[in-house]
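User: Could you walk me through this model with me? I have the sequence and the coordinates open and would like to go helix by helix.

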Amino acid sequence: MTVDASQGTNAPGADNGMVLEARDVTVRFEGLTAVDSVNETLHRREILGLIGPNGAGKTTLVNAMTGFQRPTAGHVRLGSRVISSLTPHWIRRHGVARTFQAGRLFRDMPVSENIEVAAVSLGMSRKKAHAHAMELLEWIGLADRAALPAGILPYTDERRVGIARALAQKPQFVLLDEPAAGMSDLECDDIMHVVREIPKQFGCGVLLIEHNMRVIMGVCERIHVLDSGKTISRGTPAEVQKDPVVIKAYLGHE
Ligand SMILES: Nc1ncnc2c1ncn2[C@@H]1O[C@H](COP(=O)(O)OP(=O)(O)O)[C@@H](O)[C@H]1O
Ligand SMILES: [Mg+2]
């Protein structure tokens with residue numbers, strides 16, 4: 001493992017008790033309350049699962065926590081700073097990275113450059129960004145694909161490069177929106193391995209949205225369950241899995 005996490009705010013040991021926090025976050029669209037008074041605190045080096053049926057408000061909550069959606073009420077904090085009215089770029093620069101549910105790479109650009117541009121856009125020199133991108137590609141086992149156009153990568157590799165791109169920003173927190181969507185069991189195992197390694201290698205706190213329960217149960221230390229924008233349960237995987245409220249919410253949407 002060669003990834004250099006010694007620079008920047010995510011250096012192991014430079015924790016400062018930093019948290020990313022949603023406080024009473026509500027997001028309303030016209031008549032619909034997509035997120036309803038949700039509280040959550042993401043800590044460094046933990047993996048938090050965010051689950052719930054389709055339309056539960058998971059992506060909207062992540063949008064609110066990354067500056068893509070301004071909360072209608074409540075606020076988001078990074079450490080002691082209220083960030084809910086700041087731009088996605090500011091939030092990214094200050095250590096909160098994300099991937100998108102249907103995140104796509106620049107298809108004609110080499111795989112390595114897809115990662116480099118993310119680092120460069122946040123102020124890293126081109127040379128450093130290239131070295132960092134190569135380390136990240138090595139980490140996910142795609143170093144031999146670095147020079148290929150990203151468009152020819154198989155879907156699962158593309159998703160993994162998307163995660164590497166988020167990590168190129170040396171974030172303190174990374175929010176992953178359904179990184180294993182549409183993958184086979186074997187491919188899911190691969191993603192699970194990558195996600196599990198993130199806190200260990202980079203010191204990041206991870207928020208993972210995922211529909212595949214095996215992935216969620218296999219990698220998360222604790223889980224937050226949304227339904228119709230509201231928190232309906234939270235706890236360890238074992239606790240949440242047997243919570244009748246959770247079972248009912250999922251069955252109701254089958
Ligand atoms: N920009 C938007 N405008 C209007 N409604 C939206 C918008 N984004 C999401 N919604 C609605 O908010 C609800 C929550 O959506 P979303 O956060 O995408 O759910 P999830 O990610 O849990 O599937 C859904 O009913 C969705 O249709
Ligand atoms: Mg979603």
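User: Happy to start with α4. Which residues of α4 are buried?

Analyst: A word on the ground rules before we begin: this is a predicted model, where local features need pLDDT of at least 70, side-chain atom pairs count only at pLDDT 80 or more, and totals for chains, interfaces and linings use all residues. Residues are numbered from 1 along each chain as its sequence is written, and chains are lettered from A and ligands numbered from 1 in the order in which they are written. A residue is buried if 20 or more other C-beta atoms lie within 10 Å of its own, exposed if 12 or fewer, and partly exposed in between, with C-beta atoms placed from the backbone; helices (H or I, at least four residues) and strands (E, at least two) are DSSP runs, numbered from the N terminus. By that count, the buried residues of α4 are Ala129, His132, Ala133, Leu136, Leu137 and Trp139.

User: Thanks! Why do those buried residues lie on the same side of α4?

Analyst: The arc in question is that of the directions from the helix axis to the C-beta atoms. The buried set is Ala129, His132, Ala133, Leu136, Leu137 and Trp139. They sit on the same side of α4 because they cover an arc of only 150 degrees around the axis.

User: And what covers the buried residues of α4?

Analyst: Cover is judged by contact, meaning that the C-beta atoms of two residues, placed from the backbone, lie within 7 Å. The elements that cover the buried residues of α4 include α3 (111-121), α5 (155-167) and α6 (185-202).

User: How far does α4 reach from its first C-alpha to its last?

Analyst: Helix α4 runs over residues 126-139 and has 14 residues. The expected span of a helix is 1.5 Å times one less than its number of residues. For α4 the expected value is 20 Å, and its reach is close to that, at 20 Å.

User: How do α3 and α4 lie relative to each other?

Analyst: Axes are lines fitted to C-alpha atoms, for helices over the stretch in contact, and angles run from 0 to 180 degrees between N-to-C directions. Angles under 35 degrees count as roughly parallel, over 145 as roughly antiparallel, 65 to 115 as roughly perpendicular and the rest as oblique. The axes of α3 and α4 come within 8 Å and cross at roughly 125 degrees. That makes α3, relative to α4, oblique.

User: Which residues of α3 make that contact with α4?

Analyst: On the α4 side, the contact involves Arg126, Ala129, His130, His132, Ala133, Met134, Leu136 and Leu137. From α3 come Val111, Ser112, Ile115, Glu116, Ala119 and Val120.

User: What about α3 and α5: at what angle do they pack?

Analyst: The contact is made by Val111, Asn114, Ile115 and Ala118 of α3 with Val161, Ala164 and Arg165 of α5. The axes are 8 Å apart. α3 is roughly parallel to α5, and the packing angle is about 30 degrees.

User: And how are α5 and α6 arranged?

Analyst: Their contact joins Thr156, Arg160, Ile163 and Leu167 of α5 to Glu187, Asp190, Val194 and Phe202 of α6. The axes of α5 and α6 come within 11 Å and cross at roughly 10 degrees. The two helices are therefore roughly parallel.

User: Now the loop after α4. Which residues does Ile140 contact, leaving aside neighbours within four places in sequence?

Analyst: Ile140 lies in the loop between α4 and α5. Ile140 is partly exposed, with 19 other C-beta atoms within 10 Å. Its contacts are Arg160, Ala164 and Val194.

User: Is Glu178 buried or exposed?

Analyst: Glu178 is in the loop between β7 (173-177) and α6, and has a positive phi near 50 degrees. Most residues other than glycine have a negative phi. With 21 C-beta neighbours inside 10 Å, Glu178 counts as buried.

User: And Glu30, buried or exposed?

Analyst: Phi of Glu30 is also positive, near 50 degrees. Glu30 is found in the loop between β1 (19-29) and β2 (32-43). With 4 other C-beta atoms within 10 Å, Glu30 is exposed.

User: Last one: how many residues of α1 are buried?

Analyst: Helix α1 spans residues 58-65 and is mostly covered. The buried residues are Lys58, Thr59, Thr60, Leu61, Val62, Asn63, Ala64 and Met65. Of its eight residues, the number buried is eight.
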